[in-house]
Amino acid sequence: MDLHSGLPYWIIKNPLFDYYNPLKKDLETDIVIIGSGITGALMAHELCRTGLECCVVDKRSIATGSSAASTALLQYEIDVPLCRMAEQIGEKNAVTAYRSCLQSISDIEAVLKETDIDADFERLPSIFYASDEKGVKLIEREYEIRRRYELPVELLNKGELHKRYKMRTYAGALLNRQSAQLDAYKAATQLFRYHIKKDHLQIFTHTKISSCEETPQGCRLKTKDDRTIRCKYVIVAAGFEAGQFLPEKVMKLTSTYALISHPIDNKDLWPEHSLIWETAEPYIYVRTTGEDNQYTNDQLPFFRGIKIPNSKCGFQSQDQAYKPNCKTNHIRFVFTSIKQSFIC
């Protein structure tokens with residue numbers, strides 16, 4: 001019998017944040033954050049620590065949007081390779097973006113230490129492997145530009161990749177040792193708990209914003225239940241749903257698959273439990289859980305998960321046209337030691 005979960009792994013793994021507080025009357029504040037996921041939590045943290053008045057509004061329960069389905073891989077690499085981004089916006093801007101992403105990993109680590117939050121943050125290497133001949137050329141170009149700007153990167157050939165990480169791939173890969181992973185749902189909910197207690201942060205759940213307009217004094221928000229929020233500034237931290245607040249459509253969303261394996265013995269996993277992704281489009285991500293955790297990977301299916309000894313491994317396709325069975329077969333090809341089945 002094949003059982004499929006209808007819930008994101010992070011919500012199964014962690015206690016649900018029991019919090020229900022819809023906005024019931026009009027409100028005035030300095031700053032409104034739309035979205036209670038990991039981005040909204042980090043924004044609230046920065047505002048609270050500097051003493052700025054703010055509140056958080058979300059149409060769902062806390063952190064049950066895209067953060068609950070996040071792979072939670074922390075990499076300085078953006079979806080668009082640096083060599084291609086440099087062609088689009090110029091090398092200076094592209095390198096600035098990549099360096100900012102690199103710095104953000106340490107910044108997130110510092111926030112968790114500052115607030116004494118255990119969000120299963122773990123420093124790990126990251127492997128970006130060539131899926132085909134096109135990917136080989138991309139890897140070579142990407143290595144050159146990263147080296148030129150002194151970004152952390154190593155170039156591994158096919159033999160080195162197999163010897164060091166037990167991976168069977170088309171060709172070599174880029175390796176960097178400045179990546180990390182965490183539990184985004186756990187991080188978000190605990191950050192909110194921290195600031196509710198310390199700074200009396202107001203969070204309004206089950207409150208959908210239906211309109212947002214600029215006024216001479218700032219912004220006026222209307223909720224689905226016809227409540228009004230007046231503020232000086234609005235921060236949209238709504239993840240993949242942020243597009244509805246933009247003046248024009250700038251993105252097209254597609255569905256993804258999120259898979260997590262049954263427990264895998266640590267001896268069958270690749271060394272160092274690196275974060276792994278590929279050059280193909282659509283592509284997959286793979287990660288493991290921490291030694292004392294049962295995560296998922298967002299690619300994880302977003303989840304990945306590997307736990308010792310009860311490990312889990314998850315994968316995600318970035319295209320709804322890719323069937324889960326196709327991706328799990330690909331995973332078994334790359335990682336020949338993994339024989340377990342997967343849970344959608």
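Visitor: Is alanine 63 buried or exposed?
Guide: This is a predicted model, in which local features need pLDDT of at least 70, side-chain atom pairs count only at pLDDT 80 or more, and totals for chains, interfaces and linings use all residues. Residues are numbered from 1 along each chain as its sequence is written, and side-chain values use heavy atoms, with hydrogens and water left out. Buried means under 20% relative accessible area, exposed over 50%, and partly exposed in between, with a 1.4 Å probe and protein chains only. Because its relative accessible area is 1%, alanine 63 counts as buried.

Visitor: What is the phi of alanine 63, which is not a glycine?
Guide: Most residues other than glycine have a negative phi. Alanine 63 lies in the loop between β3 (54-57) and β4 (73-74), where strands (E, at least two residues) and helices (H or I, at least four) are DSSP runs numbered from the N terminus. Its phi is positive, at about 60 degrees.

Visitor: Which residue in the loop between β13 and β14 (275-278) should I look at for another positive phi?
Guide: The residue in that loop is partly exposed, with a relative accessible area of 38%. Its phi is near 70 degrees, a positive value in a residue other than glycine, and the residue is glutamate 272.

Visitor: Where do the buried residues of helix α3 (residues 82-89) lie around its axis?
Guide: Leu82, Cys83, Met85 and Ala86 are buried in this helix. Seen down the axis, these buried residues fall within an arc of 165 degrees, the arc being that of the directions from the helix axis to the C-beta atoms. On the other side of α3, Glu87 and Gln88 are exposed. The buried residues therefore line one face of the helix.

Visitor: Which residues gather in a patch of negative charge on the surface?
Guide: Patches are made of residues with over 30% relative accessible area and no salt bridge (a side-chain nitrogen of Lys or Arg within 4 Å of a carboxyl oxygen of Asp or Glu), and like charges are joined within 9 Å. Glutamate 133, in helix α5 (residues 133-148), is partly exposed at 42% relative accessibility. The patch is formed by Asp132, Glu133, Glu140 and Glu144.

Visitor: How far apart in space are lysine 158 and threonine 169?
Guide: Lysine 158 lies in helix α6 (residues 158-165) and counts as partly exposed at 46% relative accessibility. In sequence, lysine 158 and threonine 169 are 11 residues apart, while from C-alpha to C-alpha the distance in space is 7.0 Å.

How values were computed. Patches are made of residues with over 30% relative accessible area and no salt bridge: like charges are joined within 9 Å, nonpolar side chains (Val, Leu, Ile, Met, Phe, Trp, Tyr) within 5 Å. Accessible areas come from the Shrake-Rupley method with a 1.4 Å probe; for residues, only the protein chains shown count as cover. Lys and Arg count as positive and Asp and Glu as negative; His and the chain ends are not counted. The place of a charge is taken as NZ of Lys, CZ of Arg, CG of Asp or CD of Glu.
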